[in-house]
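Dear colleague,

Here is the structure I promised to pass on, with my notes on helix packing, burial and aromatic contacts below it. Please read them against the coordinates and tell me where you would word things otherwise.

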Amino acid sequence: WSKITLRTLHIIAVAGVGGGILFGLDQGQWLHYWWMSVVSGVLLVLIDALANPVWLIQVRGLSVYIKLVLLVCLWKFPAWDIALLLVIIALSAVISHAPSKLRYYSPYHRKVIRSNSDIKG
């Protein structure tokens with residue numbers, strides 16, 4: 001339930017950031033959602049990585065690294081904020097709904113790696 005709760009908070013936070021960016025609100029009006037998305041995202045990464053360290057080199061983990069780079073770009077290049085936000089959301093949707101053969105693929109091992117220690121939710 002903790003992972004489901006964190007994921008729910010994360011989606012709410014991303015919606016808050018997205019609304020702020022898409023509707024051109026002052027950053028101060030949605031910054032707390034940004035922090036909530038960062039904290040919930042980090043906690044989700046920690047849960048997954050501690051339960052299953054191979055997660056860090058599977059496509060599902062690697063996509064998080066890409067999203068983190070894009071989040072940094074969001075701050076560095078505010079003129080690109082809408083495009084970056086949409087790419088982050090699209091990447092999240094594609095990876096979370098992709099077949100397990102893609103999500104559990106490890107480019108390092110060049111094959112699908114599964115573990116019984118994965119925490120579902």
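Helix 3 and helix 4 are roughly antiparallel to each other, a label that applies to angles over 145 degrees, whereas angles under 35 count as roughly parallel, 65 to 115 as roughly perpendicular and the rest as oblique. Helix 3 covers residues 59–76 and helix 4 residues 81–97, and the two pack at an angle of about 170 degrees with their axes 10 Å apart; the axes are lines fitted to C-alpha atoms over the stretch in contact, and angles between N-to-C directions run from 0 to 180 degrees. Helices here are DSSP runs of H or I with at least four residues, numbered from the N terminus. To the contact (heavy atoms within 4.5 Å) helix 3 contributes residues including I66, L70 and L74, and helix 4 residues including L84, I88 and L91. The residues of this contact divide into twelve nonpolar, two polar and three charged, where Ala, Val, Leu, Ile, Met, Phe, Trp, Tyr, Cys and Pro count as nonpolar, Asp, Glu, Lys and Arg as charged, and the others, Gly among them, as polar.

As to provenance, this is a predicted model, in which local features need pLDDT of at least 70 and side-chain atom pairs count only at pLDDT 80 or more, while totals for chains, interfaces and linings use all residues. Residues are numbered from 1 along each chain as its sequence is written, and side-chain values use heavy atoms, with hydrogens and water left out.

Helix 1 (residues 2–22) reaches 30 Å from its first C-alpha to its last, close to the 30 Å expected for its 21 residues at 1.5 Å a residue, the expected span being 1.5 Å times one less than the number of residues. Among its buried residues are L6, A13, V17 and I21, where buried means under 20% relative accessible area, exposed over 50% and partly exposed in between, with a 1.4 Å probe and protein chains only. The buried residues of helix 1 pack against helix 2 (27–51), helix 3 and helix 4. R7, also found in helix 1, counts as partly exposed at 34% relative accessibility.

On tryptophans, W34 counts as buried at 12% relative accessibility, whereas W80, in the loop between helix 3 and helix 4, counts as exposed at 57%.

With kind regards
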